Every structure is written in C-alpha cells, then in structure tokens.
Amino acid sequence: MSILTILQFPDPKLRQKAAPVVSVDDSIRTLVDDMFETMYSAPGIGLAAVQVNVLKRVIVIDISEDKSQPKCFINPEIVKRSGDEKMDEGCLSVPGIYEPVSRAKEITVRYLDRDGNAQELAVDGLLAVCVQHEMDHLDGKLFVDYLSEMKRNRIRKKMEKIRQHTM
Ligand code: ZN
C-alpha cells in the first residue's frame with residue numbers, strides 16, 4: 001500500500017470530474033486500499049479519488065475513531081434523500097477550515113462495494129453528510145462552494161499564503 005498526495009484547494013485539478021468505474025478489478029482494489037491508507041494517515045474521515053488526482057468514481061469513508069468502520073463506495077448514486085441538516089464540515093483538501101454546510105439529513109445510496117457487488121445503504125447523521133461531501137468531489141465540487149464568495153476568497157488567500165510558506 002502507499003500514501004497518495006492529496007491535492008489542496010485551490011488546485012484546479014480538484015475541479016475535474018470523475019468517470020464511472022467500468023469493472024471493479026485489482027487495480028481498483030489497490031486504489032481503494034491506498035486511499036484508505038492515505039485517509040487514515042492524514043488523518044481524515046473521508047476521501048474521494050479526485051482528491052488524489054484519480055478520475056474514478058471511488059470514495060472511502062470511516063467515521064469511527066478506531067478505524068473500525070471502513071466503507072468504500074464505487075460509482076455511488078443517491079437514490080433517495082430527505083430532511084435537512086446543517087453541520088460543520090472540513091476537508092483534507094482545505095486543511096484547517098471548518099464551516100457549516102446544509103445537506104440532506106437522510107440519504108439512500110446505491111453503489112458497488114470492493115468486490116464489485118451492488119449495494120444499497122440508508123444512512124443519516126455524520127455518515128450521510130460525509131457521503132454527500134465526498135460525492136461532490138467526484139463532480140469537481142468542494143464544500144467551500146456552498147459558502148459566500150467573500151468567505152471562499154478569504155479561504156483561498158489563506159491557503160495560498162500557507163502554501164508559499166511551506167514551499
Ligand atoms: Zn473533502
């Protein structure tokens with residue numbers, strides 16, 4: 001397994017759209033394993049393939065505190081959504097920034113698992129927020145897009161400043 005480089009906002013590569021996975025083979029399983037390792041080492045609770053510059057519809061999530069609930073969603077699709085919930089979100093591509101975003105409270109997601117089997121799962125709370133956040137990444141969308149332009153520009157400037165100092 002290997003740790004992949006996570007793209008940082010405002011890298012334009014984060015705006016790329018991911019394509020559906022045609023078949024869940026060993027290369028996809030390796031990607032999933034690498035994404036889990038990358039997410040855990042960050043550390044974070046979710047990661048989308050676009051964030052590591054791989055344009056495939058793959059996301060990994062684990063909201064547990066002890067790495068005990070790894071979940072991977074391949075070609076995820078939300079087939080049902082209800083309610084509304086506002087929660088503070090953060091992102092491994094926008095480190096150190098936490099802002100409230102409104103999402104559906106409960107969703108049902110259809111996807112392929114690590115073995116390529118079709119699954120359907122109803123989730124709510126933090127897991128529902130996380131799935132929606134990561135699925136946005138697959139369409140080149142970031143949680144800062146839900147904020148005001150003024151706020152987003154402030155975050156962009158802050159990120160660019162940090163980058164200059166670390167390079
Ligand atoms: Zn994110």
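A pocket, as I use the word here, is an open set of grid points with protein on both sides within 12 Å along at least five of seven lines, and its lining residues have an atom within 4 Å of a point. I note at the outset that the model is predicted.

**Entry 1: the largest pocket**

I looked up the largest pocket and found a volume of about 350 Å³. Its lining holds 19 residues, and Ile45, Glu89, Gly90, Cys91 and Tyr98 lie nearest the centre. I then sorted the lining by kind: 10 residues are nonpolar, 6 polar and 3 charged. Next I asked which element gives the most to this lining. The answer is H2, with 5 residues. E4 and H2 each supply at least two residues of the lining.

**Entry 2: the zinc ion**

Cys91 came up again when I turned to the metal. Which protein atoms are the donors of the zinc ion? I found Cys91 (SG), His133 (NE2) and His137 (NE2), lying 2.1 to 2.2 Å from the ion. Along the chain these donors follow the spacing C-x41-H-x3-H. Cys91 sits in the loop between strand E4 (85–89) and strand E5 (99–103), while His137 belongs to helix H2 (residues 125–138), so the pair ties together parts that are 46 residues apart in sequence. I also checked whether the two are buried or exposed. Both Cys91 and His137 are buried.

**Entry 3: strand E2 and its partners**

I went to strand E2 (residues 58–61) and looked at its two faces. Val58 and Val60 are on one side, Ile59 and Ile61 on the other, and all four are buried, which leaves both faces covered. The general rule I had in mind is that side chains in a regular strand alternate between the two faces of the sheet.

I then looked for the strands that pair with E2. Strand E1 (residues 46–48) pairs with E2 in the antiparallel sense over 3 bridges. Leu47 has Val60 of E2 as its bridge partner. Strand E3 (residues 71–82) also pairs with E2 in the antiparallel sense, over 4 bridges. Here the bridge partner of Ile59 is Phe73, in E3.

**Entry 4: Val24**

Last, I looked up Val24, which lies in the segment before helix H1 (26–41). Is Val24 buried or exposed? Its relative accessible area is 16%, and buried means under 20%, so Val24 counts as buried. Leaving aside neighbours within four places in sequence, I listed the contacts of Val24 as Arg29, Ile74, Leu112, Asp113, Arg114, Asp115 and Gly116. I also took a distance from Val24 to Ile155: the two are 131 residues apart in sequence and 37 Å apart in space, C-alpha to C-alpha.

Technical notes:
Residues numbered from 1 in each chain as written. Predicted model: local features only at pLDDT ≥ 70, side-chain atom pairs only at ≥ 80, totals over all residues. Heavy atoms only, no water. Donors = N, O, S within 2.8 Å, 3.2 Å for Na, K, Ca; no water. Buried < 20%, exposed > 50% of the residue type's maximum accessible area, 1.4 Å probe, protein only. Contact = heavy atoms within 4.5 Å. Pairing = 2+ DSSP bridges. 1 Å grid on protein atoms, 1.4 Å probe; cavity = no way out; pocket = protein on both sides within 12 Å on 5 of 7 lines; lining within 4 Å. Points joined across faces, edges and corners; volume = space filled by probe spheres on them. Nonpolar A, V, L, I, M, F, W, Y, C, P; charged D, E, K, R; others polar.
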